[in-house]
Each structure stands twice: as structure tokens, then as C-alpha cells.
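Visitor: Before we discuss any assignments, could you show me the sequence and the model together? I would like each term to be set against its cut-off as we go.

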Amino acid sequence: MLLTTENLGKRYQRRDVSVDALRDVNLEIQENAFVAVTGPSGSGKTTLLLTLAGLLKPTAGRIRFRDTQLEGFSDAQWASFRHKNLGFVMQNFSLVPYLSARENVTLPLVIAGSKGKQQKTRALELLERVGLGDRADHLPRELSAGQQQRVAIARALANEPALVLADEPTGNLDPALANDVLKLLGDLNAEHGTAILMVTHSPEAARAGTHRVHIEAGCVVEAAAQPA
Ligand SMILES: Nc1ncnc2c1ncn2[C@@H]1O[C@H](COP(=O)(O)OP(=O)(O)OP(=O)(O)O)[C@@H](O)[C@H]1O
Ligand SMILES: [Mg+2]
């Protein structure tokens, strides 16, 4: 198993108001799975994703990644874990506006300390993988929304993560572009075996996944493989 949670819980405490955003979440994500997480607004989807990435501390339960228990990790251990194993794709693309597509994709490689020439080759390779090899020198604003999201996906793949966490990656895209991005994620999953956990509002987007998890009020109410 790639990732397992055991009775994972997250309670937000604001003065005298507390919100149980996740309760007793038991999840198993297989190596190579493409899991679509659905659920109403406020059900805890983003909280789940951030907790799995160590960006929020759970208030209960455990997380195991392959053979490693993560919940006792220090911030530095989490940072190194994320860097080695995770990629992130967000709804608003979060590209650096004054850097070209290639430079945006290069950022994680710079942090990893790889050599300049290798970075350039690798970034181009990744842009080609998402179908944007000819747009390497474009700034984000010179690309369509769907293309910007593909650059963000290329960047998420830079360190060959085992798991990509995507929060509403098609939320800001019109249906045709959304489909392109879903197809790209599906292909990456099928061809490279990258596991994906994708949060989505859209039942249609959820059908792109190999597995489906439905959350309501912080509880997993359904988790199943879905037919291809
Ligand atoms: N920092 C916070 N402090 C207090 N409560 C929070 C905080 N962040 C989220 N919540 C609450 O936790 C619950 C789950 O929020 P979360 O953002 O995980 O939902 P979501 O499923 O991602 O919703 P959406 O589909 O609208 O993005 C909500 O009730 C929300 O109001
Ligand atoms: Mg959310």
C-alpha cells in the first residue's frame, strides 16, 4: 500500500468554536491508484489533502506512507518527505507570473540542487510530456488557463513524486479544458504509474479516477474502485 490512514482526525479550534473537519478517516491508497475525492463544500476534502501532506497537523490518528509512519515527523522531516515523494497541483495553478513555463517547471529542480544544464533538459522533457514543448518560453499570462494548469502539472512531476495531490485541478477551467487536464492526469497515472489523489466537486471529473472516495461532514461514507 502506498498510503494508509488510521482513524485520522482533524479538529479546528477557534476560540470556543471547534469544527471536526475529519473524523476517523481510514483510507488506503494503492500504488498507481488515481483516487477521486468528492463531497459537498465544507466536507473536509482540502483538510484531508493538507493533512496527508503534513501541512496541517492531525489531531488524531496515524498516517503511513509505504513502510514509514509519518505522524511523529518534525517540520523538517515533513519538508524532506514532501520534496521526495509528493507533487502538488492547485485550483489556481499557482505559477510564478514573471517566470516562463520552463522556469516555473525548473523551480523544484533548483531546490533539489540539480545542475543548470540538467534542469533545462529535464524541464523541457516535462513540458513535452504535458504537450507544451513548444511553449517553454511563454509566460503564464501568454498561455490559456488549461495550458497553465498543464505547466503546473509538469512542475508537480519534476521530482518524480510517487503521489500527486491535486485540489480541484479543473475547478477554474471550462469543460473542454477540464477534460484535457483530466485526460492528462489519467495518462500520467496509467503510463508512469504516478498515484494521484484528486479532490473535485464534479461527478464527471471524479469518473476519471480508478478509485472513488466520498466524504460528508468529515467522514468517509464511500470508498471503492470504479469500473474502467
Ligand atoms: N483554518 C480553519 N479554521 C477553522 N475551521 C476551518 C479551517 N479550515 C477549514 N475549516 C472548516 O473545516 C471544514 C472543512 O473545510 P475544508 O476546507 O476541508 O472543506 P472542503 O471539502 O475542501 O470544502 P470546499 O469544497 O468548499 O473546498 C469546514 O467546515 C471549514 O469551515
Ligand atoms: Mg476545498
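**Terms and their evidence**

Visitor: What makes strand S3 (residues 34-38) and S8 a pair, and in which sense do they run?

Guide: Two strands count as paired if DSSP finds at least two bridges between them, and S3 and S8 have 4 bridges in the parallel sense, so they satisfy the definition. Within S8, Ile196 is the bridge partner of Phe34. The strands themselves are DSSP runs of E with at least two residues, helices are runs of H or I with at least four, and both are numbered from the N terminus.

Visitor: What kind of model is this, and how are its parts numbered?

Guide: This is a predicted model, in which local features need pLDDT of at least 70 and side-chain atom pairs count only at pLDDT 80 or more, while totals for chains, interfaces and linings use all residues; side-chain values use heavy atoms, with hydrogens and water left out. Residues are numbered from 1 along each chain as its sequence is written, chains are lettered from A, and ligands are numbered from 1 in the order in which they are written.

Visitor: Which strands pair with S7, and over how many bridges?

Guide: Strand S6 (residues 86-89) pairs with S7 in the parallel sense over 4 bridges, and Phe88 stands opposite Leu165 there. S7 also pairs with strand S8 (residues 195-199), again in the parallel sense, over 5 bridges. In that second pairing Ala166 stands opposite Met198, and Leu163 has Ala195 as its bridge partner.

Visitor: Why is S8 called largely enclosed?

Guide: A residue is buried under 20% relative accessible area, exposed over 50% and partly exposed in between, using a 1.4 Å probe and protein chains only. By that rule 5 of the 5 residues of S8 are buried, so the strand is largely enclosed by the rest of the structure. Ala195, Leu197 and Val199 are buried on one side, and Ile196 and Met198 on the other, which leaves both faces covered. In a regular strand the side chains alternate between the two faces of the sheet.

Visitor: How do you know whether S7 is enclosed or not?

Guide: The count is again 5 of 5 buried residues, so S7 is largely enclosed by the rest of the structure. Leu163, Leu165 and Asp167 point one way, Val164 and Ala166 point the other way, and all are buried.

Visitor: What makes the unit of S7, H6 and S8 right-handed or left-handed?

Guide: A crossover is right-handed if, with the strands pointing away from the viewer, the path from the first strand over the helix to the second runs clockwise. S7, H6 and S8 make a right-handed β-α-β unit by this test.

Visitor: Is Glu168 buried or exposed, and where does it lie?

Guide: Glu168 lies in the loop between strand S7 (163-167) and helix H6 (175-192), and its relative accessible area of 9% makes it buried. Its phi is positive, about 50 degrees, although Glu168 is not a glycine.

Visitor: Why is Lys183 given its accessibility class?

Guide: Lys183 has its place in helix H6, and at 53% relative accessibility it counts as exposed.

Visitor: How do you know which residues surround ligand 1?

Guide: A residue is near a molecule if one of its heavy atoms lies within 4 Å of it, and the residues around ligand 1 include Tyr12, Pro40, Lys45, Thr47 and His201. Helix H1 gives the most to this shell, with 3 residues.

Visitor: What makes an atom pair at ligand 1 a polar contact, and which residues take part?

Guide: The test is a pair of N or O atoms within 3.5 Å; within protein, one must be able to donate a hydrogen and the other to accept it, and residues adjacent in sequence count only if both atoms are side-chain atoms. A polar side-chain atom of Lys45 is 2.7 Å from an oxygen atom of ligand 1, a side-chain N or O atom of Thr46 is 2.9 Å from a ligand oxygen, and a backbone N or O atom of Ser43 is 3.2 Å from one.

Visitor: Why is H1 called largely enclosed?

Guide: In H1 (residues 45-52), 6 of the 8 residues are buried, so the helix is largely enclosed by the rest of the structure. The buried ones are Lys45, Thr47, Leu48, Leu49, Thr51 and Leu52. Just after H1, Gly54 takes a positive phi of about 75 degrees.
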